[in-house]
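Thank you all for coming, and please have the sequence and the 3D view ready, since I will move from one part to the next. I will begin with the sheet, then turn to a helix beside it, and finish with the cavities and pockets.

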Amino acid sequence: HPTPPHPTYPWLPAMRALRNRWRAVALDMDGTTLNGAHALTPRTVAAIKKADAAGVQVIIATGRPAPALQPYIDQLELPRPVPTVCFNGACAMMLAPKGGSQSVLFSQGLSRDTANRVLALCEEQGLCPSYCQPKGAVAAPRTPRQEEQLRTFERLEGVKQERVASLMPVLRDSEPPLKVVAMAEDPDASAAKARAFLPADIANIVAAEMHIEFLNPGVTKGATLAKLCGEHLGVNMDEVMAFGDNHNDSEMLQLVGHGVAMRNAKDELKAVANRICEWSNDEEGVARELEALIAESE
């Protein structure tokens with residue numbers, strides 16, 4: 001059967017000239033590859049599988065912890081482990097589907113001193129903190145409202161968290177966290193307030209969907225993607241195309257060869273992207289982009 005015609009998009013002439021250049025695609029999840037119901041649609045799964053089969057290295061780059069990413073890795077069922085930037089860049093892992101191997105390639109969490117300061121700040125500002133480690137998270141909600149926020153966050157991630165009265169004993173008795181997440185009514189405002197107490201050389205503070213994240217000051221999704229590509233995948237960053245929608249995608253979209261902001265992306269991200277996608281995450285924008293890219297390279 002002849003190959004059915006595919007739509008011609010205005011950006012394709014420029015992409016056609018570069019089609020042999022893209023060796024990898026880095027996909028943010030929430031707000032980008034996932035739709036508003038936090039689901040991978042069949043069309044998106046098919047497009048990612050086709051990209052992988054065409055020899056494009058598929059990389060997941062997300063703020064999610066590994067346990068909250070695993071169900072999507074299982075759904076994709078790619079034939080080899082998927083390189084992932086998770087925990088907003090605090091950890092790079094290889095994740096295999098359905099009971100396969102999980103391996104940490106490298107990680108860079110908070111120092112014990114910084115984690116102590118972050119937990120104290122959360123208590124002072126009335127924020128519910130969550131202590132994130134590679135295999136799970138522990139939270140300390142102190143009020144009914146904080147418990148409600150935490151349950152909403154658990155539904156967002158699809159992973160339950162252990163509850164404790166205080167996270168200070170957890171910090172004392174275990175490894176420092178990869179990151180601390182704090183539920184917030186107004187993430188942008190809470191992040192700005194937190195930065196006044198913890199400057200950038202102490203913690204990288206990122207506003208997200210319904211929370212803020214405290215990361216090691218050198219950690220971003222972009223920096224970790226660059227290390228993952230250069231040291232573990234043998235891919236240059238100028239051979240990578242990346243898709244994102246939120247503040248935490250800014251460095252990534254600027255470091256890769258071609259950074260695409262979704263139509264639903266934050267204005268600040270659109271300002272630094274090479275291009276704005278014609279479609280939102282609810283319009284399966286990533287699938288449409290991958291379909292067009294693979295069709296042009298065939």
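In what order do the strands of the open sheet lie, and what kind of pairing does the sheet have? Before I answer, please keep in mind that this is a predicted model. The sheet is an open one of 8 strands, and reading across it the order is 5-4-3-2-1-12-13-14, with mixed pairing. At the edges stand strand 5, residues 102-107, and strand 14, residues 275-276, and each has a single partner strand, so one side of each is left without a neighbour in the sheet. As general background, strands of a sheet pair through backbone hydrogen bonds, either parallel or antiparallel.

Let me now go to strand 1, residues 24-27, which is joined to strand 2 by 4 bridges, the two strands running parallel. Within this pairing, Val25 stands opposite Val58 of strand 2. Strand 1 also pairs with strand 12, residues 240-244, again in the parallel sense and over 4 bridges, and here Leu27 is found opposite Phe243 of strand 12.

Strand 2 deserves a slower look. Is strand 2, residues 57-61, buried or exposed? The answer is that 5 of its 5 residues are buried, so strand 2 is largely enclosed by the rest of the structure. If you look at its two faces in turn, you will find Gln57, Ile59 and Ala61 on one side and Val58 and Ile60 on the other, and all of these are buried, so to speak of a covered strand is to speak of both faces. Strand 2 is also joined to strand 3, residues 82-86, by 2 bridges, and these two strands run parallel. In that pairing, Ile60 has Thr84 of strand 3 as its bridge partner. Between the two strands the chain passes through helix 4, residues 66-76, and this β-α-β crossover from strand 2 to strand 3 is right-handed.

That brings me to helix 4 itself, where 8 of the 11 residues are buried, so this helix, too, is largely enclosed by the rest of the structure. The buried residues are Ala66, Ala68, Leu69, Gln70, Tyr72, Ile73, Asp74 and Leu76. Just after helix 4 comes Glu77, which takes a positive phi of about 50°.

Two loop residues come next. Thr41 is in the loop between helix 2, residues 29-33, and helix 3, residues 42-53. Why does Thr41 count as buried? Its relative accessibility is 14%, and the cut-off for buried is under 20%. The side chain of Thr41 also makes a polar contact, at 2.6 Å, with the side chain of Glu284. The other residue is Asp201, which has its place in the loop between helix 8, residues 187-197, and strand 10, residues 204-207. Asp201 counts as exposed, with a relative accessibility of 62%, where the cut-off for exposed is over 50%. Although Asp201 and Gly218 are 17 residues apart along the chain, their C-alpha atoms are separated by 8.3 Å.

Finally, the internal spaces. How many cavities of 30 Å³ or more does the structure hold? It holds 3 of them, and the largest contains about 180 Å³ of space. Its lining is made of 17 residues, of which Asp30, Gly63, Arg64, Glu209 and His211 lie nearest the centre. Helix 6, residues 144-157, and strand 11, residues 211-215, each supply at least two residues of that lining, and helix 6 gives the most, with 3 residues. By class, the lining of the largest cavity divides into 3 nonpolar, 6 polar and 8 charged residues.

The second largest cavity has a volume of about 50 Å³, and among the residues that line it are Pro65, Pro67, Phe87 and Lys160. Its lining has 5 nonpolar, 3 polar and 2 charged residues.

I close with the second largest pocket, whose volume is about 210 Å³. It is lined by 13 residues, and Leu119, Glu123, Pro129, Ala140 and Arg142 are those nearest its centre. Helix 5, residues 112-124, gives the most to this lining, with 3 residues, and by class the lining has 8 nonpolar, 3 polar and 2 charged residues.

Note on methods: Residues numbered from 1 in each chain as written. Predicted model: local features only at pLDDT ≥ 70, side-chain atom pairs only at ≥ 80, totals over all residues. Heavy atoms only, no water. 1 Å grid on protein atoms, 1.4 Å probe; cavity = no way out; pocket = protein on both sides within 12 Å on 5 of 7 lines; lining within 4 Å. Points joined across faces, edges and corners; volume = space filled by probe spheres on them. Nonpolar A, V, L, I, M, F, W, Y, C, P; charged D, E, K, R; others polar. Buried < 20%, exposed > 50% of the residue type's maximum accessible area, 1.4 Å probe, protein only. Pairing = 2+ DSSP bridges. Right-handed = clockwise from strand over helix to strand, strands pointing away. Polar contact = N/O pair within 3.5 Å; in protein donor to acceptor, adjacent residues only side chain to side chain.
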